Amino acid sequence: MPTPTPIPYTPDAKFYSSISTTYEYAFSHDAGLHSFLSLTLSHLPPSSKILDAGCGTGKPVASTLSAAGHSVLGIDISPSMVDRSREAAPDAQFQVADMRTFAPEGDGEGNFDAVFNILSLFILSREEMENMAKKWASWIKKDGLLFICTIAAEDLEHPDGDERQGVTDPDGLCVRDIGVQFMGRTVHVTLFTREGWRVLLEGNGFEIVEASTQTFVPPEEAQSDEEPHYFIIARKT
């Protein structure tokens, strides 16, 4: 069987559009994510204004938040994903946009009560994630909330000599070029460690309120590795 061609760091709208249906089937029923969403609802003020950055198919994040009475704007680089989001959460607003360059209406300063970045940061570079942290700090109101679902680098350590194990930055806070299997292809991702996330968020004016990890096992047909999801709730101080 030929070796799959790696996906580069740069988000690929065509790839994500091509997997929109199978992705929803494989990942929208993640029990850990549903539990996390229930927890986020207990932290959010009524009728919160929320940005769902990298909204995917709208399930379960935007659909859950919208059904709970919150005002949701979802953005995604994939037009197909955005179309599915509109079907999943008809009361929410969606637009095709790249989170790395997205600018909210107005000056963007303190526009949102909360921002969600759920399973949407893996293929950004460290530098792009650091820039995203600055955007979160700009977009979120004082005492507003940031909700992240990602993977901590130490949870994807591979045996010595495994070509997928990645390269650790000199400061030890981030590991680049980790190979994982995702939807039948090898994807190379960059992940912060838990300490890396603490340093990144505190350096941009956030304090971590709560963090936890729960492993998700995709169905066999998804041709994807197990994902030890790292859930973070942070408040803008």
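**Entry 1: a helix pair.** I began with helix 6 and helix 7, and their crossing is right-handed (the near helix is turned clockwise from the far one; anticlockwise by less than a right angle would be left-handed). I am working with a predicted model, where local features need pLDDT of at least 70, side-chain atom pairs count only at pLDDT 80 or more, and totals for chains, interfaces and linings use all residues. Residues are numbered from 1 along each chain as its sequence is written, and side-chain values use heavy atoms, leaving out hydrogens and water.

**Entry 2: the geometry.** Helix 6 covers residues 126–139 and helix 7 residues 194–202; I found that their axes come within 9 Å and cross at roughly 40 degrees. That makes helix 6 oblique to helix 7 (under 35 degrees is roughly parallel, over 145 roughly antiparallel, 65 to 115 roughly perpendicular, and the rest oblique).

**Entry 3: who touches whom?** I looked up the contact (heavy atoms within 4.5 Å): M129, E130, A133 and W136 in helix 6 meet W197, L200 and L201 in helix 7. These residues divide into 6 nonpolar, no polar and 1 charged.

**Entry 4: K134.** I stayed on helix 6, where K134 is found. K134 is exposed, with a relative accessible area of 52% (exposed is over 50%, buried under 20%, partly exposed in between, with a 1.4 Å probe and protein chains only). K134 and N204 are 70 residues apart in sequence, yet 6.3 Å apart in space, C-alpha to C-alpha.

**Entry 5: cysteines.** I searched the whole structure for disulfides and found 0 (a pair of cysteine sulfur atoms within 2.5 Å would count). C55 is buried at 7% relative accessible area, and C174 is buried at 0%.

Conventions:
Axes are lines fitted to C-alpha atoms, for helices over the stretch in contact, and angles run from 0 to 180 degrees between N-to-C directions. Helices (H or I, at least four residues) and strands (E, at least two) are DSSP runs, numbered from the N terminus. Ala, Val, Leu, Ile, Met, Phe, Trp, Tyr, Cys and Pro count as nonpolar, Asp, Glu, Lys and Arg as charged, and the others, Gly among them, as polar.
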